[in-house]
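Please look over the model below before reading on. A set of questions and answers goes with it.

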Amino acid sequence: MEDNIKKILRIFVAVAVGMLLFFGIQKIVIPRFSSTEIVDGFYQEEKDSIDVLFVGSSNMFCTIDPVTLYEEEGIASYDFGSSLQSLNLSLLYIKEALKYQTPKVIGLEVLTSSNDYYQQLKEEAMRWGFTNLRFSVEKCSTLYDELGKIDFEYLSYIFPFFRYKDRWKELNADDIEYLRSDKQNYNKGFYYTNEVSEKPVNHTVYTRETEFTLAESNSRILKEIASLCQEHGIQLFFFKSPTAKTWTKTMSQAIRGLADSIDVPFLEMNDFMEEMEIQYDTDFRDESHLNYKGAKKASSYMAAYLKENYEIPDRRGSDNSWDEALQRRQNQIKKEEIQETEAMEEYFQLLQDCPFLCVITSNGLSEEPEGIIDGLPGLSWEKVSQGGCWILSDGEVEQEFSGDSYSYHEDLGEVTLTVSSAVKAEGQQEKRVLLRKNNYFNISRGIHVLIYDLESQEVVDSIGFDADQEWKGIRA
């Protein structure tokens, strides 16, 4: 009897270890889609913390920026979607969301009600949509609805290892690092990009008269979504994000007709391009998607729409993950401003409220670049002209070194910062600003600035303003 128990225990342990290994390897070989961080991030959100949930395809998560909604109206929202998401998948995503959240409002983006792209790229769309969702009966049922049978292909969606097992040849350090990383999505599902379309998009496609009939299957799913939201006391609205490809006013009219019949509001954002001040040459990254500049405008419009039509609490200042997301976004924008600035006066103005670690080093100066240093607390031209190094945090001087000779080391987490100055045998000064054995000091006479983000552990910028070249900014 005792021997039988030991055998059973050994079998149980072997199966458990085997399953752990299988699912561990599966997580590693699955590629990261645009939806991977969206879905993983959703599961990291505190339970019942989302007031407004947006669901749909990439048109949705490239248009609605929850950080903007939070910044302007205090709306705690999340973009829960996947590229080319079918309405059937949108229904599944809503069912999945309701296991963890109790949103007051759901906004459903309706691009794929036209079916065009989804049918052309069905497998890609399904892989993007199903792969990262947790296992559930609803997931299995929706998968069967899409495939119509249970076979090896069906199982490869439940166990993606069988679809991507050969990908082990492509694995790199990033795949392992992502497994260990913080899965919190600080863009709240939004796809942040500053990419601009190579040519102005043509929005006249929307105004064309076309033949279109809403498929009965899509009509049925939209009604089912409406019923599900009603059962849970959730206010549902449909919306169509700005696009310059495939979507037409005829399609919009079909959706509006259905929406009116089931008493669901429909916001057609393509009818308000002028009100949103969307520019066709700067605000799109391609014909189908807005970039951050365009999304910021569209999201401001959406924030005002939600505030006017729904009772949604203002969550600002309540110590939540949206506060941190907003801070990170502001830091990201500050980084971009710093990296794009080359004029010395503008650059030093940015340093006055810089949230990053700044290392300012000067060498061999005589003439003053008028007024440049005035705005930095603890610094003056008298100090800078004598040569030295200043380490600033949040715009305030924390460490100061002057004279011909100094050496200082500071642990910054993953790296050590070393700043030093020494006089060489031939009488020349040698300045160093070292990180990861790289010397960022790149000028013989002037002012050098190194900016480091302690949160992301990365160099934001390294620029030297050369006194011999009229204070021209030089990046290594």
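The questions below move from the whole fold to single residues of this predicted model.

Q: How many helices and strands make up the secondary structure of the protein?
A: The C-alpha trace spans about 85 × 75 × 40 Å along its principal axes. Within it, the secondary structure comes to 18 helices and 15 strands.

Q: What percentage of the residues in the protein is buried?
A: The protein has 476 residues. Buried means under 20% relative accessible area. By that cut-off, the buried share is 51%.

Q: Of the contacts with a separation of 6 or more, what percentage joins residues 24 or more positions apart?
A: Contact means heavy atoms within 4.5 Å. Among contacts with a separation of 6 or more, residues 24 or more positions apart account for 69%.

Q: Which helix gives the most residues to the largest nonpolar core?
A: The largest nonpolar core holds 83 residues. F54, F80, F238, M302 and L306 touch the most other members. The helix that gives the most to this core, with seven residues, is α5 (residues 87-97).

Q: How many residues are in the second, separate core?
A: This core is separate from the 83-residue one. Its members include I338, F348, C358 and V384. Its size is 24 residues.

Q: Which residues does M302 contact, leaving aside its neighbours within four places in sequence?
A: M302 is one of the buried residues of helix α15. It is also among the residues that touch the most other members of the largest core. Beyond its sequence neighbours, M302 is in contact with F54, I64, L69, F237, F239, L267 and M269.

Q: How far apart are the end C-alpha atoms of helix α15 (residues 292-309)?
A: The helix has 18 residues. At 1.5 Å a residue, they should span 26 Å. The model agrees with this, because the end C-alpha atoms are apart by 25 Å.

Q: Which backbone nitrogen does a side-chain oxygen of N291 reach at the start of α15?
A: The side-chain oxygen of N291 comes to within 3.2 Å of its partner. That partner is the backbone nitrogen of K293.

Q: How many residues of strand β6 (residues 357-363) are buried?
A: L357, V359, T361 and N363 point one way from β6, and these are buried. C358, I360 and S362 point the other way, and these are buried too. The strand is mostly covered, and the count is seven of seven.

Q: Which residue of β7 stands opposite T361?
A: Strand β7 covers residues 388-393. β6 and β7 pair in the antiparallel sense over six bridges. In this pairing, T361 stands opposite C389.

Q: Which residue of β13 stands opposite N363?
A: Strand β13 covers residues 446-453. It pairs with β6 in the antiparallel sense over seven bridges. The residue opposite N363 is G446.

Q: How many residues apart in sequence are the parts that K104 and D51 tie together?
A: The side chains of K104 and D51 meet in a salt bridge at 3.1 Å, N to O. K104 lies in the loop between α5 and β3, and D51 in the loop between α2 and β1. The pair therefore ties together parts whose separation in sequence is 53 residues.

Q: Is D51 buried or exposed?
A: Its partner K104 counts as partly exposed, at 32% relative accessibility. D51 has 2% relative accessibility. Buried means under 20%, so D51 counts as buried.

Q: Which helices do K296 and E71 lie in?
A: The side chains of K296 and E71 meet in a salt bridge at 3.0 Å, N to O. The pair ties together parts that are 225 residues apart in sequence, because K296 and E71 lie in α15 and α4 (residues 66-73).

Q: Which residue forms a salt bridge with D271?
A: D271 lies in the loop between β5 and α14, and its partner lies in helix α13 (residues 249-261). The closest N and O atoms are 3.1 Å apart. The partner is K249.

Q: Which residues does T248 contact, leaving aside its neighbours within four places in sequence?
A: T248 is found in the loop between β4 and α13. At 4% relative accessibility, T248 counts as buried. Its contacts are V205, Y206, R208 and T210.

How values were computed
Residues are numbered from 1 along each chain as its sequence is written. This is a predicted model: local features need pLDDT of at least 70, side-chain atom pairs count only at pLDDT 80 or more; totals for chains, interfaces and linings use all residues. Side-chain values use heavy atoms; hydrogens and water are left out. Buried means under 20% relative accessible area, exposed over 50%, partly exposed in between (1.4 Å probe, protein chains only). Helices (H or I, at least four residues) and strands (E, at least two) are DSSP runs, numbered from the N terminus. Two strands pair if DSSP finds at least two bridges between them. The expected span of a helix is 1.5 Å times one less than its number of residues. A polar contact is a pair of N or O atoms within 3.5 Å; within protein, one must be able to donate a hydrogen and the other to accept it, and residues adjacent in sequence count only if both atoms are side-chain atoms. A nonpolar core is a set of buried Ala, Val, Leu, Ile, Met, Phe, Trp, Tyr and Cys residues joined through side-chain atoms within 4.5 Å. A salt bridge is a side-chain nitrogen of Lys or Arg within 4 Å of a carboxyl oxygen of Asp or Glu.
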